[in-house]
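Subject: Structure handover

Hello,

Here is the structure I said I would pass on. Please have it open while you read the notes below it.

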Amino acid sequence: MALLAVTAAAGGLAEALALLLVVQLTLALAAGPASPIELPLVEIALSPSVCIIVAGVAALCGLFSHLGVAWLTADIGSTVLANSRSNVVARFTEAGWPTQAVQREGSLQETVTTLSARTSTLANSIAKWIAQLVSLAMLLAAAFAVDPATTSVILIAGALLVAALRPLTNRNLNLSRLFVASNARFAEEVSGLSSMAMEVRVFGVQVAARDAVEALNREARLRQRNSRFAVEASSKLLRDLTMLLLVLGIGGLIWAGQENVGGLAAAAALVVRSLAAAQGANTAHHAAVESVPALDALTDRLEQLNSGRITTGRAELSRLDSIAFKSVSYSYNPSFPAIRDVSIEIGSGEAIGVVGPSGGGKSTFVQLLLRLRPPSEGSILVNGQDYLDFDAQDWSALVSFVPQEPGLVEATVAENIAFWRDIPRSRVREAARNANILDEIERLPKGFDTMLGPRGTGLSGGQKQRVAIARALAGEPALLILDEPSSALDAQSEELLQSTLNELRGRTTLIIVAHRLSTVEACDRLIVLESGEVTSVGSPSDLLRQPRFFRRVQEGPHV
Ligand SMILES: Nc1ncnc2c1ncn2[C@@H]1O[C@H](COP(=O)(O)OP(=O)(O)O)[C@@H](O)[C@H]1O
Ligand SMILES: [Mg+2]
């Protein structure tokens, strides 16, 4: 910024000098050829040719400093863009899962594209604004030195004008806030449209859905027009009114008997040039003002991402002997806990099935176990110590997970299994074998090097599920948690899953959430979760003997 100000100042001075010399030259030419040129201020007389050379050099200096200013402002803008993007991405990846989970679809993308770009525009505009103000100051200082009277009159009038236009600036800020808000609503609605595309088509409501988006589009258009017009209009108003003042001012001075024609002409030329700088400063200021709401929104998002961090300790964890829930509760909202007062112990190598009706709290239980959501009340102990004490890396190395709807990244099969971890190819292969998907991978056109799309193009639901299991197994976890792994599987895939789980029995602690009892029949113990409470714990055979157990688990108590 300092470099920018210095460069802009040099540019302004060079330009003022060039302008001054040109005016003096013109006046000298009018007075008669070869008459020496009297410079105001320094009282040196120059011959016309020297004067032309000096003016040329000054103009060149002006040119180079303008180029410098342009480069510096562009550089500032792009630096701000890149920094704000890395900031958003870093904060998002460091945010806790509860915060990440509530990010609306597309909101992260909007933050790194629209909001970051507008913040970059803001920085760029501020840089331009400063450069223009500095150059304006230099030009006016030159004008003042040459002819204080004319310049003062115009300066005072200009200041009054700026003060008079002040309320307009505030109005413009509001207009631009409105525009940004309706832009964001429009973007949200469009992203909703894309995520609901299937339902919209099936329900045949394309036209109504489009109309809803269209209404927001029209609103955003009107607000953009009003905001842009206000900005342009106030900028033009400032320029044209100042010109008018200049004319009136010079008229007044002539009328009052001003004699110093050279000074008057030079000052007038400098003031006219200052007008351009003032207008540039004004435009940059408005552009900055227009981008302020984007900076506010960006700051809000960053704060929101920051506030949801879960702090974990640094204690070392190399093995998993026991897990104990001590009166654990978890609430998404205070009035209705999703997990209530759960106390259970899980031993190393046990296979536990978690069953219960939909909405019973199974996925919440899993997220608590995974340390994705720390308990709202009570605590979870691992090897007798609060599980939040353990180092994040150690924890991830021991605990793995297969989600209900696993995602695939746009990378090869092998990379999808290794998943950014440093896992040798032989272990990737071994994991694929244990997940019962090795044969199918080898039948793909390029085997482990086949590219998979973000939505797993070319893989069936069951295959995707088994790639996800291979991903979990590749880290050789001590605790493996599966959330409804069989919900989308056909009979054959379920059989393959069963044989994988049987292989793991005893070597790995298994927590298997299921709504089909067949998936968890072979477990050591079943936990029944209903309305967030553990209502039964026991071996599958014991529980199945209980009257109406089957119906309760499958349908829930409220049916
Ligand atoms: N992200 C969330 N925000 C608010 N409430 C939630 C959220 N996820 C789940 N719930 C609520 O918590 C309860 C338990 O849900 P969940 O753990 O998903 O059950 P299950 O996996 O057994 O179907 C339900 O009442 C559900 O509506
Ligand atoms: Mg669930």
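The notes below cover the nonpolar cores and then the cavities. Please keep in mind that this is a predicted model.

Nonpolar cores

In soluble globular proteins, nonpolar side chains tend to be buried together. The largest nonpolar core here has 41 residues. The members that touch the most other members are I417, F448, L480, L482, L510 and V520. Seven residues of this core come from helix α14 (residues 461-474), which gives the most to it. Leaving out residues up to four places away in sequence, V520 touches G353, V355, I512, A514, L526 and P540. Another core, of 30 residues, lies apart from the largest one; V328, I344, V399 and I527 are among its members.

Cavities

There are three cavities of 30 Å³ or more in the structure. The largest has a volume of about 60 Å³. Its lining consists of A351, Q498, L501, N502, R505, L510, I512, T519, A522 and C523. Two elements, α15 (491-504) and β12 (509-513), give two or more residues to this lining, and α15 has the largest share, with three. By class, six of the lining residues are nonpolar, three are polar and one is charged. L510 appears both in this lining and among the most connected members of the largest core named above.

The second largest cavity holds about 40 Å³ of space. V413, I437, E440, I441, L444, L459, Q463 and V467 line it. At least two of these residues come from α13 (438-442), and at least two from α14. Six residues of this lining are nonpolar, one is polar and one is charged.

Regards

Definitions and conventions:
Residues are numbered from 1 along each chain as its sequence is written. Chains are lettered from A and ligands numbered from 1 in the order in which they are written. This is a predicted model: local features need pLDDT of at least 70, side-chain atom pairs count only at pLDDT 80 or more; totals for chains, interfaces and linings use all residues. Side-chain values use heavy atoms; hydrogens and water are left out. A nonpolar core is a set of buried Ala, Val, Leu, Ile, Met, Phe, Trp, Tyr and Cys residues joined through side-chain atoms within 4.5 Å. Buried means under 20% relative accessible area, exposed over 50%, partly exposed in between (1.4 Å probe, protein chains only). Helices (H or I, at least four residues) and strands (E, at least two) are DSSP runs, numbered from the N terminus. Contact means heavy atoms within 4.5 Å. On a 1 Å grid over the protein atoms alone, a cavity is a set of points where a 1.4 Å probe fits but cannot get out, and a pocket is an open set with protein on both sides within 12 Å along at least five of seven lines; lining residues have an atom within 4 Å of a point. Grid points are joined across faces, edges and corners, and a volume is the space filled by probe spheres set on the points. Ala, Val, Leu, Ile, Met, Phe, Trp, Tyr, Cys and Pro count as nonpolar, Asp, Glu, Lys and Arg as charged, and the others, Gly among them, as polar.
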